[in-house]
Each structure stands twice: as C-alpha cells, then as structure tokens.
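Please take the structure below as the starting point for a walk through its charged side chains. The aim is to read individual ion pairs together with the surroundings of their partners.

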Amino acid sequence: MNRNNLPRLAIALIMPLIVSACNENSTADTPKTSISQEQSQDAFAKETLLTTLIPFDSEKQLDWLKPTSTEVNVDKNSKINIKFLADTNISTLRIEPNSPWNMNEFPNYNLAFDVINVQSKSVHFYLSVENEKGEYQSRSVSIPGNYEGTIYFPLTGQQAETEAGFWGDALPWKTDDVLMVWRSWRSGNVNLDTIAALNFFTIGLLEDKQVEISDIRIRQNPELDPTWQVNIVDQFGQNAKIDTPLKVSSVQELQKVANEELQQLAKSKGMDNRSEYGGYTAGPKLKATGYFRTEKVDGKWWMVDPLGYVFFSHGPANVRMANLSTLTGVDYADDSIRVRHADELVPEDSMGSVSIPAKIKETNFVQSELRNKMFEWLPDYSDPLAKHYSYRRSTHKGAIPHGETYSFYQANLERKYGEEAMEPTVNKWHEVTIDRMKDWGFTSFGNWVDPAFYEAKQVPYFANGWIIGDFKTLSGKKNHWGLMPDPYDPLFSERAQATIDEIANKVKASPWCAGIFIDNEKSWGAREGTVEDKYGLILDALSKDANESPAKKAFSAHIKKKYKDIAVLNKTWDTSFTSWTQVSKSITFEEHNDALVADLSKMLEMLGEQYFIVVHNTLEKVLPNHLYMGARMANWGMPDEIIKASIKYSDVLSFNIYEEGVQAHYWDFLEKVDLPVTIGEFHIGSSPDSGLYNPGIVHASGQKDRAEKYKAYMESVLNKPYMVGAHWFQYVDEPITGRAFDGENANIGFVTVTDVPYPELVGAVKDVTSTMYQKRLATEK
C-alpha cells in the first residue's frame, strides 16, 4: 500500500488544518491552463518584462550605487562591475533609489538580473531585498567560474509564498536561469510591496571576487506547473526529478556500491604516524597525562592526546541518527504522543527514533496534503521498513507544528546491509563509520555523536549536553534558536547539574572523550548594530520586575551598589526614576546615552559570567579531567562581552564559522586572547549536482568546487596559531524535504541519503588529513 493514499479519518475534521502561507488548495494564483515541465521549453524563453529597476537612463542613477568595502564602476553597456573585497568581513553594494520602487501595480512576479563571473573560480554572493522599514528577504547563490546567465527568484505568487517546510524550495519552473535560495529560513512575512534597496554582498571571502551585473528587472511569473512539489522524493529519499552522479536506482545497486566500499575499507591502513588516539607520533612528544589537554608549543596552540602527542581535532559533527528524519504530512489525533515531562534532558531535535504504538497510528490523518504528496513512496505501517517512522512533538520552523516523520537514511541502511532487525544494521553502521573515519584520516568526531561511539574506544569524541528546563528566560531582539536561559535562576543551576551528571554517566571518565560542549549558538546578541541588537537581553531583563526575574534582581542590586544615590543614577543615565523601588520594577528607555550603554555592556558581561560560572563549576566537579570547550558561538551571536566572559571559564574557545574561511584580519583578536580555539561547525555544499535544493550556508558551484573550497577553508584554519580543531557539520546530507525540526535540507554531508560517500570531498579530506600535521608543524607562527 502506498501511504500517499492514506484514508483521511473523520477525526481530522476536529483538528486544525495547518495550511501554508498560500492555501494549498487555492486557485487564486493558478493559471487557466498549465503546462507540465516535461512538455515545456524553458519557462523564461519568452519572458514578460514588467519593469527595469535600474535603466541607467540618467547619470543621477549612479548615485543609487553605494558601495561599502567594495569597488564598483558602471561601464558603457550599463553593466555594474562589482569587486567584492577579501580584506573586510562583509563587502557590500547597496542600490538605493531616491524613492522606493512600487511593486503594487504588478501581478505575480520574480526579480531577475544577468550576471557574468569574470574569473575562473566560483563566486558565492547574497542579495537582500529591503523594504522601507529596513526589513528584508535574503537569498544567496554560487555561480561557476566564467558563468554567464540569468539569476532569479520569485517575490510573489504561490512559488514565493508557499511554506513547504524546508529551506531550499523545489525548482518552480523548468529553466536554465539559476534560482537563488533563501539564505536560511524564509522571511515570507516581509512585505515587499515597495522595495527601498537591494544589497549585493559577500561574507568572509578568502580572496577578492568580481562579477558583472546588469539588467536588474521584474518579470512576470510563468504559468504554475501543477506537478511542482508533487512526487519530488523517490523511495530512497532522493530527488525523483533530477538524475545525479551518485543516484541509486535499485536495492541491488545500493548493495553493490556498499560492497565495493567495504572491500576498499578492508584494505585501508589509515594515515601514517598516528597514535592510538590520532595524535602525531612523528611530532614532539609532550607530557602524557592520560587525558586530552592543551599546550602552546613554539608559539602555536595544540591539543595533546592522552599519550602526549600533539593532536589536531578534525572530523564530522552530528554523527547520529537523530535529526535525519523528515515530516510526512501525517499526524495523529491521539494527544498522548505529544506528552512532555519536566525532567527531560534531550531537546526535541536531538531525540532519536520514537516508537509509535499501533493504537496511536490508528488515529492517523493527513494534516498537510502539500507535504504528503511530495513522496512517491512511503511504507505501509505493516511494511518492515515502517520501523523508521518516528515523531516530532514540536518543530522550530516550517509548515506544520508537529507530526509523523520518516528516516530514509535509516531505511537505506537496512536495505544496504540486508538486515531487517535494527540492532545489527546500526552496529554495522557504527563499524563502517569508524572505518571511514580512519581511512579518511579524521582524528575525532565533533559535537553530537551517537553515544555508542563512546563505548567503541576507536575514535576520540566530544560529549555534549543541552541545559533545558522550565527556568526563567530572557528575550533578545532576535532569538535564533529560542529564548535565552536566565542563568541567575537557581533552577538553571539545577538543570545544568542534571545535564552534566547525565554526560558524566555516559562518558565514564573516559580518556577517549576529548572535551565537553554545553549548548550551542545561544542568542547572546549581535557584536555590532543598534543598542537593541547588542543588548536586547539586558533591556528585556530590565523591563521585568525583580520579584519575577532573577536576572533583574541581580542587575538591580548591581546598579544600586554602583550608584548608591538615585539622583546620581538619573544624572548619569538621563532618567527620572523616583526611587530604587521603581528601578526594581519594569523600566524601559526611549533613548540610550553613552553611560547607559556602558552599563548595559557591563550587565551583559555579568550575564555571560553567571552562565559560564554555572557551567564551568559544575563540569569541574563532575568531570575534572576533561576540557570545557566553550559556548560554540555563532558569528551572529558573539558580543565582545560574552567572549570576554567565556575566556575566564573555558579551556578552549569555540566558534561556528560559516564563511569561506577564517579571515586573519577579522579573527586576529583571538591571537591576543591567547587561548586555544576550535571551530565547532563549518561546511560547504552544492545543489546542482547533489539533487538537493539547498547547498547549505556556504555554497559551492559543484562537487569539485566544493572539495576545493573545503581545502581552502582548512588551509585558513591550519595556518592560525590559535586553532586546535575544526569540525564539519555534518556527516550525512539533510533530507531533501527538510529535517523535521526546522526544514534544513542542504547538501552538507560527506555521504548521501543512501550512505554513499561524495568521492570529490572525501579525496580532498584525505589530501588535508594526510599532511595537516606536517604542514602545521612546519609553518612558522
């Protein structure tokens, strides 16, 4: 039975129907006639031009071009020559007309422009479309070397407005024009009836890049393809509409590919001169403590393995089955599947497969036709492969708030190894993964690794935990992954203790544990921007009553101790509080003078210190011999105050750096910090030849380019004296229809959904890992 034909139970009528931003059954945007992609020619072969945004029919329009750390000129053919510069972190050309472009008069439309890549290397750049309020939609694209063509993306119509539950949308039309993808989660709620500015920009370049852009225009959308987002996934979880080099067409082919790899792995001897723990035996021999530690040697920081050999941590993060499932569009009316417990230690996105009782499955109904019709095949509940169904009680972003999931990756492992029982299949996966790690030359797993690898004692790993619970929280201006915990709340300390005790129970003081990560990419605030951008957490705390907010209570006491007299505070902050009692209640500010900003900065540092004190001290009591690896800060959430606080309590600092590489000028402050640093996450992906709709955060133009960009990134890491590790996120490609938690659907794995390695990337990894110790030891500081 094909589960796309699941009966819809009457019970579904009493459940809210979750619809996309554009109703799935709506015909408002549907043309009177539709032409299938297979029968049509290029959808834009005869494009309908609605308006040209920059005709350059007046010299005054040159004033619209406003470069920041970018070189720009316009040639006689009205081509905008943009040179994005690598000596800055963000290189931007802002195009801002004297009055906004009015889009109200146009029907369903897309924005398009012609581009020429004037060099032989690919260029990854972004475009944000901004309204008069400064709100924007941001998209990105990578174009191959010497590319010449048209880039586009729909701004209105069903193709732009449908929330399908994943980052990169299925290609809306058959065309040679290249679709820009959402930079991350879609910003479909941003009103672009008027466009105030266009911002072309790059982030974190390792070398200058140059493109020519012309004919920026608004075009009418072609007719809607009725098969768009229908049957886009085959029985293996692959793109059903695109053939790619690694695409598998049968179980026999999958098994043949697997057997060939197993034979190759059996012959592998791994990398030369490696200790039991992956340290470099041909390098300096240092003090052996029986655990991983750090030491500065000849001006460079290193990790040191338990035997005393210098160690550089490089390998994949997220090597686990959790977070590899995708929403099927089915849900259950039985609420018991969604029950939560206050003592849970694992967040929703880190939970593995959930066994769904048969009685609950009987209450199934299709809650999203849109998602359910994406699959050519899903197994009947009686099928042996049905064991790979699971459930998500909540989602962070996407089309539906909770629902049934399916893991094609797990199903493919079962097909691949011919084992119907899950335990031998997973055991084989563990074995092959370890063999790959050694063959590819990786020295460790990164964050989020299946605890079964802890017991294997074959590859060093980093343990991790999340501090979750019902403690008080704080809200910044942007809460990327959720609200921030209030670390002054005693319940936060209790939950930290419970989390770290659980980590200790799994680690068992093992020397194979290279370090501990706690939490990930917290929304501390921006490093640069407005007062609200930087200090939103503190402004939120101050807006609360001290009787309700532990953070507000701490900050109120700090302010009173510093200023003593309310009159002194008012004079300093330019406020008019009547008493300290009023300060302890909710206070807000219309303006922020320099003295107030300085105090907000100090309170943010205090907040960070309290967080790190709790985490560090708890870890030190329970796991005294293991390294605390810091807070895994994203570059959108690493205020100087938090970095300063983390330095005091972290053994190793950690940053997730999703750029083309580690720019020396942007990260040189780390040399002054003089602590070892590891990259918690980075990756590069490609959509054209992977079959996936989203390349990931950093784009390549193909698998060969992806491999070259990986090598360039690693070179930028290995030549930094403070770097001791870099972890690639992640081991397996994300589901084409998006991981259940938030819809990420990128080509960021070393292996496909069928567990087939990408040969170009694996080859590049071996090039790096076979020489990284020699190069790092030979390079002068």
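The paragraphs that follow discuss salt bridges and the burial of the residues that form them.

Because the model is predicted, side-chain atom pairs enter the discussion only at pLDDT 80 or more. Counted with a side-chain nitrogen of Lys or Arg within 4 Å of a carboxyl oxygen of Asp or Glu, the salt bridges number 42.

One of them lies within a helix: Glu431 and Lys428 are joined by a salt bridge with an N to O distance of 3.2 Å, and the two residues, three apart in helix H6 (residues 422-440), are separated by about one helical turn. Glu431 is partly exposed at a relative accessible area of 39%, and Lys428 is likewise partly exposed, with a value of 24%.

A second pair links Asp540 to Lys544, whose closest N and O atoms are 3.7 Å apart. Here the partners fall into two classes, since buried means under 20% relative accessible area: Asp540, at 17%, counts as buried, whereas Lys544, at 26%, counts as partly exposed.

In the third pair, Arg739 forms a salt bridge with Asp742, and the closest N and O atoms are 2.6 Å apart. Arg739 counts as buried at 6% relative accessibility, and Asp742 is buried as well, with a relative accessible area of 2%.

Beyond such pairs, salt bridges that share partners connect Glu47, Asp114, Asp177, Asp215, Arg217 and Arg219 in one network.

Methods. Residues numbered from 1 in each chain as written. Predicted model: local features only at pLDDT ≥ 70, side-chain atom pairs only at ≥ 80, totals over all residues. Heavy atoms only, no water. Helix = DSSP H or I, 4+ residues; strand = E, 2+ residues; numbered from the N terminus. Buried < 20%, exposed > 50% of the residue type's maximum accessible area, 1.4 Å probe, protein only.
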